[in-house]
Structure formats: structure tokens, C-alpha cells
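The following exercises ask the reader to describe a protein chain step by step. Each task is followed by a worked solution.

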Amino acid sequence: MKKHLFFALCLCAVPAYAMANSTTVEAVSYACDNNGIMKVAFVNGADGESFAILLQMDEMIPLAQEVSASGAIYKAISPDYTYTLSTKGKEAFLEDRNGVILSGCSY
């Protein structure tokens, strides 16, 4: 329950937060095709490392940022998940090994 409360606070109460060491957290709620909604918290570390936390199926799933020629690509850290989140500007889509889960997403 605590993890859901933390994520809810992150997504609803704090749209963007900067910590003393210049790490930033930004919560984004995407509206997707077919009335889908995707909630993600993006964390940009002061050390240059970035990752995303995806709320999917009532779980918080951490995704590590990977090198991308354009936009940003985040892949699930845990081997239990195969999610890939692709973002560019205000647009995004989510897929797993079986194909696209959410498309046409924007905020």
C-alpha cells in the first residue's frame, strides 16, 4: 500500500520536484488511444542517470533509460517485465515482447 501511496503523491500532488542535489522528478499522465491512460514518473539524477517509474496493472515498474538517437527509450529493469517505453516530446507509447500496449499517448 505504501508504494501506491508514494506513487499517487508523486503523480498527483507534486508535478515536478527538484531535490537539493539537482535530481528532478516529474510526474506525467498520458492520455492514449482507446481511452487508455499511462502514468509515469521520470527521475533525472544529478549524476546524469535517468529512469522512469511506470504505474501499470497496479504495480510500480522501474525502467532504465537507454541510448536513443531521438527521444528517449526506457526498458524494464526487472527480468520479470518486458516493457519498453518510448517518448519524444509530449508523445509516448508502451510496448512489451507481445507488441504495443498503449499508443497515441500524449500529455
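Helices (H or I, at least four residues) and strands (E, at least two) are DSSP runs, numbered from the N terminus. The model is predicted: local features need pLDDT of at least 70, side-chain atom pairs count only at pLDDT 80 or more, and totals for chains, interfaces and linings use all residues. Residues are numbered from 1 along each chain as its sequence is written, and side-chain values use heavy atoms, with hydrogens and water left out.

**Exercise 1. Describe the chain as a whole.**

Step 1. The protein chain contains 1 helix and 9 strands. Read from the N terminus, the order of these elements is α-β-β-β-β-β-β-β-β-β.

Step 2. Of the 107 residues in the protein chain, 32% are buried. Buried means under 20% relative accessible area, exposed over 50%, and partly exposed in between (1.4 Å probe, protein chains only).

Step 3. A contact means heavy atoms within 4.5 Å. Among contacts in the protein chain between residues at least 6 apart in sequence, 28% join residues at least 24 apart.

**Exercise 2. Locate N34 and D58, and state what their phi values have in common.**

Step 1. N34 belongs to the loop between β2 (24–31) and β3 (37–44). D58 belongs to the loop between β4 (50–56) and β5 (59–66).

Step 2. N34 has a relative accessibility of 77% and therefore counts as exposed. D58 is also exposed, because its relative accessibility is 62%.

Step 3. Most residues other than glycine have a negative phi. The phi of N34, however, is near 60°, a positive value. For D58, phi is likewise positive and near 60°.

**Exercise 3. Characterise the disulfide.**

Step 1. A disulfide is a pair of cysteine sulfur atoms within 2.5 Å. The structure holds 1 disulfide, formed by C32 and C105 with their sulfur atoms 2.1 Å apart.

Step 2. This pair links distant parts of the chain, 73 residues apart: C32 lies in the loop between β2 and β3, and C105 in strand β9 (residues 99–106).

Step 3. The torsion about the S-S bond of C32 and C105 is about 110°, and the disulfide is therefore right-handed.

Step 4. C32 is buried because its relative accessible area is 9%. C105 is buried because its relative accessible area is 2%.

**Exercise 4. Trace the pairing of β5, β6 and β7.**

Step 1. Two strands pair if DSSP finds at least two bridges between them. β5 and strand β6 (residues 72–76) pair in the antiparallel sense over 4 bridges, with Q65 opposite Y74 in β6.

Step 2. β5 and β6 form a hairpin with 5 residues between them, and G71 in the turn has a positive phi of about 75°.

Step 3. β6 also pairs with β7, in the antiparallel sense and over 4 bridges. Here I73 stands opposite S86 in β7.

**Exercise 5. Describe the surroundings of T84 and Q56.**

Step 1. T84 is part of strand β7 (residues 84–88). T84 is buried because its relative accessible area is 13%.

Step 2. Apart from neighbours within four places in sequence, T84 is in contact with I73, Y74, K75, F93, L94 and E95.

Step 3. Q56 is part of strand β4. Its relative accessibility is 12%, so Q56 counts as buried.

Step 4. Residues up to four places away in sequence are again not counted; Q56 then touches I61, Y83, L94 and I101.
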